[in-house]
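Reader: I am beginning to study how the parts of a protein fit together. May we work through one example step by step?

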Amino acid sequence: MKKKVVAMVLAGTMIAGILSGCGGDGGANQSTGSQNTATQTPVSDEKIDVLNQSEKMKLSVVCLQGYTQPDSEMEKWMEERYNLDIEVIALPGWSDATAKITLLMGDETQRPDIIWWWNMEDDFTKWVDAGLLVDVAPYMDKYTVMRDYYNSIDPGVLFYASNEDGAMYRIPGDVAEPACEVLWIRQDWLDNLNLEVPTTLDELEACMYAFTNDDPDGNGIDDTYGLSGDGYDFRSFWPWIQGCGEGKGWMEFIKDDDGSYVYGAATEDCKTWLGRVAKLYADGVIKSNMITDTDRDEEMANGGFGVTYSWVTWNNPSSGTMQSFYASNPGAKWVPIDMVKGDNDHPQDNPASIGAWCYFGITNVCSDPERAYAIFDDMAQPENYLHKRFGVEGRDYIDNGDGSYEIIHAGDGAENTENNYGINLFQDLFSRKDACNIANTKETNDLFEKVKESSREAYAHKIEKRNPAAYTVNAELGTDIGDMMKEYAWGVIGGNKSLDDWDSYIKDLENAGLQDIIDELTQIHGAQAEQYEKYMQEHAN
């Protein structure tokens with residue numbers, strides 16, 4: 001089975017090698033254009049043989065996700081394979097992780113060899129300028145598995161991780177599929193109420209009212225809702241965002257068709273979709289806790305609603321979220337459906353960033369940065385990745401022989417922890433989304449492809465920043481404007497604020513410096529577009 005998957009991936013890697021140049025980038029963001037004193041290490045032409053190293057190397061690795069119980073089977077496998085002494089530094093939960101990362105990087109006596117982070121652009125720039133991170137661009141030219149994989153996905157991935165001078169101080173850890181969410185509906189509730197799959201926004205709302213008021217589960221209790229999902233997250237309302245007006249009412253800055261920059265949350269389209277969603281909420285069609293911070297996986301597992309916009313991966317039989325739901329609702333049936341048409345009659349799914357949402361880097365305390373990079377590059381090879389991500393064939397997963405696989409022990413399953421397997425160790429320090437992701441069924445891969453194609457025109461409006469730290473006006477004013485937007489928008493949805501105050505809301509945004517941010521975007525992001533075009537000409541041909 002491994003030989004078959006490895007062959008499939010290697011074929012893609014060969015093509016990637018032809019298409020790609022050197023170096024790279026990656027990330028939903030940035031690279032610093034400033035001068036820095038970051039660690040530079042001479043690189044010889046001779047590769048390090050990471051499988052035959054006589055000297056044991058200590059390697060401390062920071063990670064948040066993954067299965068970090070001490071001395072797991074997977075950790076011991078890595079130690080034996082690469083002659084390592086690994087120290088896993090597990091971060092606290094999401095809310096406290098960045099503070100811990102900052103402390104670790106600020107203290108040389110605690111600084112790890114491998115640091116993992118996300119959404120810490122100002123900190124990243126400071127680390128680079130202080131020489132705390134190693135430039136791995138020379139290693140990428142020498143050990144090419146990760147580089148070639150990312151270039152096969154999209155050469156732009158590495159553009160967003162690199163500096164303008166070509167230096168690379170961060171390695172993309174996880175890059176989402178081009179689009180990774182889809183519209184879900186309870187097919188069993190449609191059947192029970194003799195309803196058709198909705199194709200328009202009006203039809204979707206009609207189904208949601210029926211799901212709320214017409215006892216779709218037949219238990220005689222008023223305990224069902226039309227919609228739920230990730231609370232306090234505007235993505236949950238994507239069908240309305242994309243479908244109202246011209247579909248420009250994103251709750252972020254976007255690039256318009258004419259190349260100008262606009263704040264989606266200040267458009268008439270935004271006002272329109274907020275009004276529709278607020279009415280649904282007031283009528284009890286939307287689960288009330290969606291205006292608070294809730295988790296979409298937990299909400300889905302608990303059930304009680306009939307529509308949501310969420311992860312494509314829930315389509316996999318191995319999805320723990322859906323397994324939990326079906327265990328409590330054996331007669332239920334969730335199905336993914338095409339995005340509904342709205343006012344613009346041009347449905348679009350929500351595009352993801354082509355840049356990484358998280359990164360990892362090698363710090364200046366690492367005893368042998370090149371060896372460390374070469375180890376992670378070797379682990380990225382298809383056969384090694386399969387083992388680290390999915391465990392032992394026959395015990396943890398089965399090759400069905402027809403291109404499909406059965407996951408026996410999922411990384412998030414209790415057996416993994418109880419048996420100390422360590423499956424999916426360091427899961428966000430490089431994650432493949434190609435044929436090596438055998439958790440995806442063919443149907444799920446097809447669904448990913450469908451939502452990708454359904455999101456490309458929307459993606460043309462998405463703003464990706466190579467160096468977010470360069471946007472100093474946004475850094476100064478953006479948080480206040482974002483908070484102002486959230487307070488008003490969630491207030492409208494929850495019924496505490498009125499759309500009658502829309503003009504006042506817009507005036508408040510303008511007084512807070514909205515145009516200054518747009519002017520900065522026009523200048524910096526406009527110049528980035530030229531850099532991107534040049535980079536793609538060099539690396540995509």
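Author: Certainly; please keep in mind that this is a predicted model. We may begin with Glu 453, which is found in helix H17, made of residues 442–453.

Reader: Is Glu 453 buried, partly exposed or exposed?

Author: The relative accessibility of Glu 453 is 49%. Buried would require a value under 20%, and exposed a value over 50%. Glu 453 therefore counts as partly exposed.

Reader: How many Å apart in space are Glu 453 and Pro 92?

Author: Along the sequence, 361 residues separate Glu 453 from Pro 92. In space, taken from C-alpha to C-alpha, the distance between Glu 453 and Pro 92 is 37 Å.

Reader: Let us turn to the sheet. In which order do the 4 strands of the open sheet stand?

Author: The pairing in this open sheet is mixed. Strand S6 (225–227) and strand S10 (334–337) each have a single partner strand, so they stand at the edges, with one side of each left without a neighbour in the sheet. Neighbouring strands are turned against each other by 30° on average, direction ignored. The order is S6-S9-S5-S10.

Reader: In which sense do S5 and S9 pair, parallel or antiparallel?

Author: Strand S5 covers residues 181–186 and strand S9 covers residues 305–311. Among the bridge partners are Ile 185 with Val 307 of S9, and Leu 183 with Tyr 309 of S9. Over 5 bridges, the sense of this pairing is antiparallel.

Reader: In which sense do S6 and S9 pair, parallel or antiparallel?

Author: S6 and S9 are joined over 2 bridges. Val 307 in S9 is the bridge partner of Leu 227, and Val 307 is also the bridge partner of Ile 185. The sense of the pairing between S6 and S9 is parallel.

Reader: How many of the 7 residues of S9 are buried?

Author: S9 is largely enclosed by the rest of the structure. That statement rests on a count of residues under 20% relative accessible area. For S9 the count of buried residues is 6 of the 7.

Reader: Which strands of the sheet does H9 touch?

Author: Helix H9 packs on the sheet, and its direction makes about 150° with that of S6. The strands touched by H9 are S5, S6 and S9.

Reader: How are H9 and H11 oriented to each other, roughly parallel or roughly antiparallel?

Author: The axes of H9 (residues 201–213) and H11 (residues 268–282) come within 11 Å and cross at roughly 15°. The contact joins Leu 201, Asp 202, Glu 205, Met 208 and Tyr 209 of H9 to Arg 276, Lys 279 and Leu 280 of H11. By class, this contact of H9 with H11 has 4 nonpolar, no polar and 4 charged residues. An angle under 35 degrees counts as roughly parallel, and H9 and H11 are therefore roughly parallel.

Reader: What is the orientation of H11 to H19?

Author: The axes of H11 and helix H19 (residues 472–494) come within 7 Å and cross at roughly 40°. Trp 273, Leu 274, Val 277, Ala 278 and Tyr 281 of H11 meet Ala 489, Val 492, Ile 493 and Gly 494 of H19. The contact of H11 with H19 has 8 nonpolar, 1 polar and no charged residues. The crossing angle makes the orientation of H11 to H19 oblique.

Reader: Which residues outside its neighbours within four places in sequence does Trp 77 contact?

Author: Trp 77 is found in helix H2. H2 (residues 73–82) packs with helix H15 (residues 382–390) at about 150°, with the axes 10 Å apart, which makes H2 roughly antiparallel to H15. In this packing Met 74, Trp 77, Arg 81 and Tyr 82 of H2 meet residues of H15. Leaving aside those sequence neighbours, Trp 77 contacts Asn 384, His 387 and Lys 388.

Reader: In which hand does H2 pass H15, left-handed or right-handed?

Author: The residues of the contact of H2 with H15 divide into 3 nonpolar, 2 polar and 2 charged. H2 passes H15 in a crossing that is left-handed.

Reader: Finally, how many of the 11 residues of helix H14 are buried?

Author: H14 covers residues 369–379. Its buried residues include Glu 370, Arg 371, Asp 377 and Asp 378. H14 is largely enclosed by the rest of the structure, because its buried residues number 11 of the 11.

How values were computed:
Residues are numbered from 1 along each chain as its sequence is written. This is a predicted model: local features need pLDDT of at least 70, side-chain atom pairs count only at pLDDT 80 or more; totals for chains, interfaces and linings use all residues. Side-chain values use heavy atoms; hydrogens and water are left out. Axes are lines fitted to C-alpha atoms, for helices over the stretch in contact, and angles run from 0 to 180 degrees between N-to-C directions. Angles under 35 degrees count as roughly parallel, over 145 as roughly antiparallel, 65 to 115 as roughly perpendicular and the rest as oblique. Contact means heavy atoms within 4.5 Å. Ala, Val, Leu, Ile, Met, Phe, Trp, Tyr, Cys and Pro count as nonpolar, Asp, Glu, Lys and Arg as charged, and the others, Gly among them, as polar. Two strands pair if DSSP finds at least two bridges between them. Buried means under 20% relative accessible area, exposed over 50%, partly exposed in between (1.4 Å probe, protein chains only). A crossing is left-handed if the near helix is turned anticlockwise from the far one by less than a right angle, and right-handed if clockwise.
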